[in-house]
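Take a look at the chain shown here. Two topics are worth your time: how its domains meet, and how its metal is held.

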Amino acid sequence: MGITIADAEQMLQQVTEEVVRWRRHLHQNPELSFQEQQTSQFVYETLRSFGELELSRPTPTSVVARLIGRQPGPVLAIRADMDALPITEENDLEFASTNPGVMHACGHDGHTAMLLGVAKVLSGLKDKLRGEVRFLFQHAEELFPGGAQELVKAGVMDGVDCVIGIHLWSPLQVGRIQVRAGAFMAAPDVFYITIKGKGGHAAQPHLTVDSIAIAAQVVTNLQHVVSRNVDPLDPVVLSVTQFHSGTAHNVIPESVEMVGTVRSFKPELRDEVPEKMERIVKGITEAHGASYEFRYEHGYRPVINDEQLTGRVRAALVETFGPDVVVEGDPTMGGEDFSAYQQLVPGTFFYVGAGNAEKGIIYPHHHPRFNVDEDALPIGVRAFVSVALHLLG
Ligand code: NI
């Protein structure tokens, strides 16, 4: 006989207040990617207080906790990210950031608090538990190359059968959960382009090679890659997001530096798109007597949710919350290093709604006024617990 969500009901209700308190503590004390010293120490101490977990610190600012049941069974990994962003908080909250210039503006404070809650609830069910739940408190999701890849290299996935993760999602109304099989989040790649012309006096353009005029054509023509060269049924984003040049109104600058991002899902596009981009950059610069440097870096891999596992997760969530709560997710062009775990075992990543217009919780992720509706926290805990009990049979 397996255990069900009903066995966890009392503990789920008891833990809610603590999860909110943990989230507020983390929100007040945010730390940047790869610098989560106090955060990871707080997580470690809190997990230790539950008494049932095998704890380790695979990297300086991450924590892994293993809850090993009495009977053999599958190994489920659950991941929460813990890092904050270099943003100055503009929320007027009593638990607003006390670390100047750093803010939990993506909800990772909530992810960490929820997973602590799940660890506490499942610790209370250890005697009845089959298999293992492995809690991955991951550092540095926001900063490439990301913490997930480091944890994988450190061996945290050894013996794991499947992996799940949640993102609290402010565009989604609190009380809803979005699940999707297949392509869910894009691969976020980065490119760097330098256009080198010949500087000179702005009154004598004929004696120069105007890097700004040429670079402007490059920006315009790069838009043809997505609109004219890629199958319209394959989503791709190409954005030039930085354009730096010049020092004075009467100087034609020697060079222009550009940076941008490409987002896509299909592996072949991650090779094709940079080839097409470079062809455009080369053609335009050559036509105008300039030269260029082009560098393209692959970021995180896309989050592709396993069909079968997603089906099982969906079934567990529908059983717990009902079919009106659990809705089909829309893919986004945002990136997530959760994909690193999905290279090894079937995984699924889903969204728990955290927006609420009535409470003024309307700002997008990474905004200085971003917030989550704390009513989402017990939903996330319940979602993880119900899925864990379902998957461990
Ligand atoms: Ni995030």
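This report covers the domains, their interface and the metal site of a predicted model.

## Two domains

The domain assignment splits the chain in two. Domain 1 takes residues 5-184 + 302-391. Domain 2 takes residues 187-297. Their C-alpha centres lie 38 Å apart. Nine residues from domain 1 and nine residues from domain 2 make the contact.

## The interface

How much area is buried between domain 1 and domain 2? The figure is about 660 Å². Carbon and sulfur atoms give 76% of that area. On the side of domain 1, three residues stand out: Pro302, Met333 and Gly335 supply 74% of the area that this domain buries against domain 2. No other three residues supply more.

What about charge and polarity? The rule finds zero salt bridges across the interface. One residue pair is in polar contact between the domains. By class, the side of domain 1 that touches domain 2 has six nonpolar residues, three polar ones and no charged ones.

## The nickel site

Which residues coordinate the nickel ion? They are Cys106, through SG, and His108 and His167, each through NE2. The distances run from 2.2 to 2.3 Å. Along the chain, the donors follow the spacing C-x1-H-x58-H.

Cys106 sits in the loop between β3 (71-81) and α3 (108-123), while His167 belongs to strand β5 (residues 162-173), so this pair ties together parts that are 61 residues apart in sequence.

Definitions and conventions. Residues numbered from 1 in each chain as written. Predicted model: local features only at pLDDT ≥ 70, side-chain atom pairs only at ≥ 80, totals over all residues. Heavy atoms only, no water. Domains from an automatic or database assignment. Contact = heavy atoms within 4.5 Å. Buried area = accessible area lost by both parts, 1.4 Å probe. Salt bridge = Lys/Arg side-chain N within 4 Å of Asp/Glu carboxyl O. Polar contact = N/O pair within 3.5 Å; in protein donor to acceptor, adjacent residues only side chain to side chain. Nonpolar A, V, L, I, M, F, W, Y, C, P; charged D, E, K, R; others polar. Donors = N, O, S within 2.8 Å, 3.2 Å for Na, K, Ca; no water. Helix = DSSP H or I, 4+ residues; strand = E, 2+ residues; numbered from the N terminus.
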